[in-house]
Amino acid sequence: MQNTKTVDELKYPVFKTYMVQISMQQPWKIRLHLEDREEKTIFLKLANQIIEEILSGRLRSGSRLSGSRSLADELKINRKTVQSVYEDLEAQGWLISKPRQGTFVAENLPELKHKKIGVAVELNPSPTASSPVPIKNDGIPDTRLIPYELFSRAYRHALNQVTRSQIMGYGDPQGSIELRQALLQMLSMERFIKISIDNICVVRGSQMGIFLAARVLAKQSSSRNVIVVEQWSYPPAIETFLSHHYQIVRVQLDQHGLDIEHLEEILEKHAVAAVYTTPHHQYPSTVTMAMDRRLKLLELSKGFDFYIIEDDYDHEFHYDSRPIPPLISLPHAEKVIHIGSLSKVFAPSLRIGYVVANRDIIYAMNQDILLIDKQGNIITELAMAELMQQGEIKRHIRKMRKIYQQRRDFTLHQFQSVFKDQVEINSPLGGMALWVKFKFPYRTEYAELLNQLHIDAEAHFAEGVQQSNNHFHIRFGYAALNETEISNSVSLLYDVFNFNE
């Protein structure tokens, strides 16, 4: 391969680094002018001006912006407005903040355009941008907002620890003691769960926890062959139960969550091994189960002797009130298997989840883990334990909660502005997605186009459940999209449903 380095770089190895440092000093400060802009607020004037300067090339990747105080003085505006703009553009991926250095234009800028067959809607006025965002749009975190520097530091510390301590061999199938202690503190302080460290098992994400629960229950209660799931439910969980030869029976849902009266009818007719539920933010409908129903469900569990598999997949993101305590923290919760995950906090690829249950269930899971995942991931577990103990994860959650709430509100506004009276959405108390009801019939030609947008319609979550002839739902994830991408996605949906014809 031909060497493309310059003569100066070959002669002087530090030449390139030195030149980068010189270029980053930016002897000329870019001037911004807001007076003639049409936006109604100073916040929007400044935010859009900065984005336009980035797109035009005046502000290049890696360029350092003026400090908030300096820019506020220059523009004769409030410093808090500048700080808010910087924070918002950082959340969207345009800027990046470096401790003790300042605010810079990001190296990897947000996607500037989405594409669909027959439709191309510009997110920003850039004729050269052309890259779709391949996101399964059902409520995943925005990985662009991960604190990578904190991750790197924690992973380095974890690697040094296991190397010095010579613990690179097989570990505890239940998970590292450090991470279980950190989880114990979080579950006790944040979620009112009174347990010991022996009641916690670390797994590779919530799906592994669901699989282990199904496997353990299949061996313990072979005479009970029914798993009850909600009317709309999480497809991978259902596939897991089917793989263990369970019969699936669906229980109805309403605006308060799982229909307890319908569940009682099912319990009278079937030998139920477990009820699988997502009570905090029902998947996919986002409904939060009311407290009286939670208590009744626990009473039924005790009376009919079935387990409750509580999938608490996004407990951290509750916006309008304090989160309702999980089932396992309430009275009569002896037969609750609580499954949680850190994947929604950071990224699905993190693969850190946990199961909380009685000791017999945890012991049985450990025996199965020895068959499939004897070692686990000690380095990741130690790194996560450090971030939890130092409060970094809590700080990150606090930051993301604010951003995702803003994105929820913005998404609601966009759907209502674009579709007007053709859409109905009950604003969820939390979570990372909306359950959007369209007040017109579903057409088969929508399927392929929705698939291209990585959006699932309700039939995906409710196989065998009869669909209405005059309306249908989709699950629209907003957490992984910034406001520009949300606007574009809603516009694309408008085109998909042929409202422009």
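A salt bridge here is a side-chain nitrogen of Lys or Arg within 4 Å of a carboxyl oxygen of Asp or Glu. Keep that in mind as you work through this predicted model.

**Exercise 1. Find how many salt bridges the model holds, then judge the pair Arg58 and Glu53.**

Solution.
- Step 1: Applying the rule gives 21 salt bridges.
- Step 2: For Arg58 and Glu53, the closest N and O atoms are 2.9 Å apart. The cut-off is 4 Å, so the pair qualifies as a salt bridge.
- Step 3: Now look at the surroundings of each partner. Arg58 has 46% relative accessibility, so this residue counts as partly exposed. Glu53 has 7%, and because buried means under 20%, Glu53 counts as buried.

**Exercise 2. Which acidic residues does Arg204 meet in salt bridges, and where do they lie in the chain?**

Solution.
- Step 1: Begin with Asp373, whose side chain meets that of Arg204 at 2.9 Å, N to O.
- Step 2: Place both residues. Arg204 sits in the loop between β5 (200-203) and α8 (206-220), while Asp373 sits in the loop between α12 (359-372) and α13 (378-389). They are 169 residues apart, and the pair links distant parts of the chain.
- Step 3: Turn to Glu381, which forms a salt bridge with Arg204 at 3.2 Å, N to O. Glu381 belongs to helix α13 and Arg204 to the loop between β5 and α8, so this pair ties together parts that are 177 residues apart in sequence.
- Step 4: Check burial. Arg204 has 17% relative accessibility and therefore counts as buried. Asp373 is buried as well, and Glu381, with a relative accessible area of 3%, is also buried.
- Step 5: For a further example of shared partners, look at Asp142, Arg144, Arg407 and Glu485, which salt bridges join into one network.

**Exercise 3. In what order do the strands of the 7-stranded open sheet run, and which are the edge strands?**

Solution.
- Step 1: Read across the sheet: β5-β13-β12-β11-β10-β6-β7, with mixed pairing.
- Step 2: Pick out the strands that pair on one side only. These edge strands are β5 and β7 (247-251).
- Step 3: Follow the twist, which averages 20° from one strand to the next.
- Step 4: Zoom in on β11 (residues 307-311) and β12 (residues 336-341), which pair in the parallel sense over 4 bridges. Here you will find Ile308 opposite Val336 in β12.

**Exercise 4. Classify the ring pair Tyr234 and Tyr283, and say whether each residue is buried or partly exposed.**

Solution.
- Step 1: A pair of aromatic rings is described by the distance of the centres and the angle of the planes. The model has 25 aromatic pairs.
- Step 2: The centres of Tyr234 and Tyr283 are 5.1 Å apart and their planes stand at 80°, so the pair is edge-to-face.
- Step 3: Locate the residues. Tyr234 is in the loop between β6 (226-230) and α9 (235-243), and Tyr283 is in the loop between β10 (272-277) and α11 (291-304), 49 residues apart.
- Step 4: Compare accessibility. Tyr234, with a relative accessible area of 23%, is partly exposed, whereas Tyr283, with 7%, is buried.

**Exercise 5. Name some members of the aromatic cluster, and find the residue that lies over the face of Phe104.**

Solution.
- Step 1: Ring pairs link a cluster that includes Phe415, Phe419, Tyr442, Tyr446 and Phe497.
- Step 2: Over the face of Phe104 you will find Lys98, at 4.7 Å from the ring centre.

Methods: Residues are numbered from 1 along each chain as its sequence is written. This is a predicted model: local features need pLDDT of at least 70, side-chain atom pairs count only at pLDDT 80 or more; totals for chains, interfaces and linings use all residues. Side-chain values use heavy atoms; hydrogens and water are left out. Buried means under 20% relative accessible area, exposed over 50%, partly exposed in between (1.4 Å probe, protein chains only). Helices (H or I, at least four residues) and strands (E, at least two) are DSSP runs, numbered from the N terminus. Two strands pair if DSSP finds at least two bridges between them. Axes are lines fitted to C-alpha atoms, for helices over the stretch in contact, and angles run from 0 to 180 degrees between N-to-C directions. Rings of Phe, Tyr and Trp (its six-membered ring) pair if their centres lie within 6.5 Å; planes under 30 degrees apart count as stacked, over 60 as edge-to-face and the rest as tilted. A charge sits over a ring if NZ of Lys or CZ of Arg is within 6 Å of the ring centre and within 35 degrees of the ring normal.
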